[in-house]
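Thanks for coming, everyone. I'd like to walk you through one structure today. Please have a look at it first.

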Amino acid sequence: MNRLLLTAYPRSYRSRQGEELLACLAEAYPGRSWPPPREVVALARAGVQARARAVVDDTARPWWLDGIHLTALVLAALALVPYLQDVWHWALHIDPGGHAIAFHFSGWYPWADGPGRTRLLPYGLLPLLCLIALLRGKPWIALPAAAVMIYAGATFNSNPFFGDEGKAGLGYYGLGAPITARDLVLSGTLCTACAVLAACRPGRLRRHSYRWLVPVVLAMFVAGGLHVISVSPTFQRGLFVLEVAALIAAWVATAATGDHRWLIPVAAFAFVRTQAIVAQPDAFMQSFPDLVVLILLIAPLPALAFTAQRRQGQALAE
């Protein structure tokens, strides 16, 4: 299990010092396959810092372009989250049956929505396509998918192609109010980011391995295979922890490098989530009080800016 901790570090670090790190862990904690929690946190933090430094040291692209790329990835993942169960069921031809929120919300088969209201494709395929294309550095593929997301959300009352899921159905809450497909701020911001990326030379964008999709497939299995719906307390708590962990990782990366690129996706995430709180319909329940959520969303922005400025000042002093 110690080798799993090495995945937090960049490949260059693993090739140079990976075996040495494993030997140190085996010597410090003999007979244990997993170090104590405090050591796990320390190793994960060091791994995030090492990855952040490796990203900053790569000067093949400007920092703002990398920040916009990260923003598009974050927004595509955020748009996909409510439909993990839906895409999993559609891909494996699973009828959710009694595990569905209601027939009106889940399932892709004709009998899931009733006569004359067959859904041809799940809406979640669009953000999934965006996410895969952006991971591979191909925004010209992600851009049409994001544009269709806007169209699907704008025509939710008349377009039956994607059915009702994601339009009138329940969304997810996590840090704030639910976001559904008809929330055009999310899809519009994603489309804008993809357009900026598509206007740049393709070779300037960072390409990530398909292995980054492993957590996505695992999340789909948890949501669809185990029938953990997006409005269940377990799902909500898990997403809350994941979002907070991502914000902490952005702060750790900024503190290690003094770079501003991680401020861009955090700002976009805060903007999208905050407008959802302001514009949320009264029919939806809340996971946390609005004031708590707003503090969690807005506070990281000045914290990251101050951290980056302080780290740059320290670098100049050195």
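I'll go through a helix, then some ring contacts, then a set of charged residues. One thing before we start: this is a predicted model.

Let's begin with helix α2. It covers residues 11-28, which makes 18 residues. From its first C-alpha to its last, α2 reaches 24 Å. The expected value, at 1.5 Å a residue, is 26 Å, so the two are close. Now, where is the kink in α2 centred? On Gln17. The angle there is about 65 degrees. Right next in the sequence is Gly18, and Gly18 is buried. Leu21, Leu22 and Leu25 of α2 are buried too. Keep a general point in mind here: an α-helix has 3.6 residues a turn, so residues three or four places apart point the same way.

On to the rings. How many aromatic pairs does the count come to? One. The partners are Trp88 and Phe221. Their ring centres are 6.0 Å apart, and the planes are at 70 degrees. That is an edge-to-face pair, because the angle is over 60 degrees. Find Trp88 in helix α5, residues 84-91. Find Phe221 in helix α10, residues 214-225. In sequence the two parts are 133 residues apart, so this pair ties together distant stretches of the chain. Are the two partners buried or exposed? Trp88 has 17% relative accessibility, so it counts as buried. Phe221 has a relative accessible area of 38%, so it is partly exposed.

Rings also meet charges in this model. The charged end of Arg136 sits over the ring of Tyr210, at 4.5 Å from the ring centre. The charged end of Arg261 sits over the ring of Trp262, and there the distance is 5.9 Å. Remember Arg261. We'll come back to that residue.

Now the charged residues. As a general rule, side chains of opposite charge can pair when their charged atoms come close. The count here comes to three salt bridges.

Take Asp66 with Arg206. Their closest N and O atoms are 2.9 Å apart. Asp66 lies in helix α4, residues 63-80. Arg206 lies in the loop between α9 and α10. Those parts are 140 residues apart in sequence, so the salt bridge ties them together. Asp66 is buried, at a relative accessible area of 4%. Arg206 counts as buried as well, at 15%.

Next, Asp66 with Arg261. The closest N and O atoms are 2.8 Å apart. Arg261 sits in the loop between α11, residues 233-257, and α12, residues 263-278. Here the pair ties together parts that are 195 residues apart in sequence.

Then there is Asp259 with Arg261. This salt bridge has its closest N and O atoms 2.7 Å apart. The two side chains are also joined by a polar contact of 2.7 Å. Asp259 counts as buried, at 12% relative accessibility. What is the relative accessibility of Arg261? It is 3%, so Arg261 counts as buried.

Put these together. Asp66, Arg206, Asp259 and Arg261 are linked in a network of salt bridges. Within it, Asp66 pairs with Arg206 and with Arg261. Arg261 pairs with Asp259 too, and its charged end sits over the ring of Trp262.

That's the tour. Questions, please.

Conventions: Residues numbered from 1 in each chain as written. Predicted model: local features only at pLDDT ≥ 70, side-chain atom pairs only at ≥ 80, totals over all residues. Heavy atoms only, no water. Helix = DSSP H or I, 4+ residues; strand = E, 2+ residues; numbered from the N terminus. Bend = angle between axes of the 7 residues up to and from the residue. Buried < 20%, exposed > 50% of the residue type's maximum accessible area, 1.4 Å probe, protein only. Phe/Tyr/Trp six-rings, centres within 6.5 Å; stacked < 30°, edge-to-face > 60°. Lys NZ or Arg CZ within 6 Å of the ring centre and 35° of its normal. Salt bridge = Lys/Arg side-chain N within 4 Å of Asp/Glu carboxyl O. Polar contact = N/O pair within 3.5 Å; in protein donor to acceptor, adjacent residues only side chain to side chain.
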